[in-house]
Amino acid sequence: LKSKVSYIVSEAQDKLLKRDHERLEVVQREFPFGLTMCPYHPELLPHYQYFAETVKSTDGLKVLKIANHHLPNEGYFLTELLPAIALKENLQTLELSHCGLAKSDMMAIISYLAENETLHAINMSSNCFDLEATLALAAAIRNHPILYEIDLSACNLGDGNVDALGKLLV
């Protein structure tokens with residue numbers, strides 16, 4: 001697995017990070033070896049830390065997309081990436097799809113969403129929301145002033161609780 005991870009990183013490094021003054025993307029749709037997402041390995045942590053620093057230092061960031069990359073689970077999202085995202089006062093689009101986010105990460109994103117007033121679009125597809133997270137997400141969406149595009153496709157919302165799903169739609 002380690003050699004496959006190194007291969008994926010070395011082959012895709014230039015293609016993965018797309019950056020300009022308003023947009024930062026780490027998106028890969030096709031992987032070698034039949035993989036559906038870029039797996040995380042501890043040796044990749046410095047790359048993820050560099051990415052969080054890049055987010056933090058990119059002025060005027062309006063679009064941030066991370067798709068099909070399993071993010072580190074050693075507190076990386078809460079301690080490094082989310083604080084960098086929270087600094088972006090003009091962020092309009094946030095995609096964190098198919099990233100293997102933990103429950104604590106999901107709750108932190110929902111808290112961020114509840115306080116944010118600039119996002120127009122959020123994509124959290126292919127992540128799992130338990131009942132508590134689904135209800136909190138419903139409240140954050142309902143109270144957000146300008147959020148008009150929400151992608152929760154392929155999510156396990158509320159562990160199948162129909163009442164929780166209904167609160168997202170009302």
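## A charged network around Lys-103

At 46% relative accessibility, Glu-132 is partly exposed. That value falls between the limits of 20% for buried and 50% for exposed. The values here come from a predicted model. The side chain of Glu-132 meets that of Lys-103 in a salt bridge, with 2.9 Å from N to O. Lys-103 belongs to helix H4 and Glu-132 to helix H5, so this pair ties together parts that lie 29 residues apart in sequence. Lys-103 is itself partly exposed, with a relative accessible area of 44%.

Lys-103 also forms a salt bridge with Asp-130. Here the closest N and O atoms are 3.0 Å apart. Asp-130 sits in the loop between strand S6 (128–129) and H5, while Lys-103 is in helix H4. The two residues are 27 apart, and their pair links distant parts of the chain. Together, Lys-103, Asp-130 and Glu-132 are linked in a network of salt bridges.

## A salt bridge within helix H2

How many salt bridges does the count give? It comes to three. One of them joins Glu-53 to Lys-56, with the closest N and O atoms 3.5 Å apart. Both residues lie in helix H2. They are three residues apart, about one turn of the helix.

Are Glu-53 and Lys-56 buried, exposed or partly exposed? Glu-53 is partly exposed, with a relative accessible area of 44%. Lys-56 is partly exposed too, at 38%. In general, side chains of opposite charge can pair when their charged atoms come close.

## Strand S3 and its neighbours

Strand S3 spans residues 63–67 and is mostly covered. Five of its five residues are buried. Both faces of S3 are covered. Val-63, Lys-65 and Ala-67 are buried on one side. Leu-64 and Ile-66 are buried on the other.

S3 has a parallel partner in strand S2 (residues 23–27), and five bridges connect the two. Val-27 stands opposite Ala-67 of S3. S3 also runs parallel to strand S4 (residues 93–97), again over five bridges. Within S4, Glu-95 is the bridge partner of Lys-65. S3, helix H3 (residues 76–86) and S4 make a right-handed β-α-β unit.

## From strand S4 to strand S5

What share of S4 is buried? Four of its five residues are, and the strand is mostly covered. S4 runs parallel to strand S5 (residues 121–123), and three bridges join them. Leu-94 has Ile-122 in S5 as its bridge partner.

Another right-handed β-α-β unit is built from S4, H4 and S5. S4 therefore appears in this unit and in the one made with S3 and H3, where strands are DSSP runs numbered from the N terminus.

## The largest nonpolar core

The largest nonpolar core holds 41 residues. Which residues have the most contacts inside it? They are Leu-81 and Phe-129. Several elements give two or more residues to this core. Among the strands, these are S2, S3 and S4. The helices are H2 (45–57), H3, H4 (103–115) and H5 (131–143).

Phe-129 touches residues well along the chain from itself, leaving aside those up to four places away in sequence. Its contacts include Met-106, Ile-110 and Met-124. Thr-134 and Leu-137 are also among them. Further contacts of Phe-129 include Leu-152, Cys-155, Asn-156, Leu-157, Gly-158 and Asp-159.

## Leu-113 in helix H4

Leu-113 is placed in helix H4. Is Leu-113 buried or exposed? Leu-113 is buried, because its relative accessible area is 1%, under the 20% limit. This residue and Ala-140 are 27 residues apart in sequence. In space, their C-alpha atoms are 6.2 Å apart.

Ala-140 is also one of the residues that Leu-113 touches. The others in that list are Leu-119, Ile-122, Leu-137, Ile-141, His-144 and Leu-147, with residues up to four places away in sequence not counted. Ile-122 is the S5 residue that bridges to Leu-94. Leu-137 is touched by Leu-113 and by Phe-129.

Note on methods:
Residues are numbered from 1 along each chain as its sequence is written. This is a predicted model: local features need pLDDT of at least 70, side-chain atom pairs count only at pLDDT 80 or more; totals for chains, interfaces and linings use all residues. Side-chain values use heavy atoms; hydrogens and water are left out. Buried means under 20% relative accessible area, exposed over 50%, partly exposed in between (1.4 Å probe, protein chains only). Two strands pair if DSSP finds at least two bridges between them. A crossover is right-handed if, with the strands pointing away from the viewer, the path from the first strand over the helix to the second runs clockwise. A nonpolar core is a set of buried Ala, Val, Leu, Ile, Met, Phe, Trp, Tyr and Cys residues joined through side-chain atoms within 4.5 Å. Contact means heavy atoms within 4.5 Å. A salt bridge is a side-chain nitrogen of Lys or Arg within 4 Å of a carboxyl oxygen of Asp or Glu.
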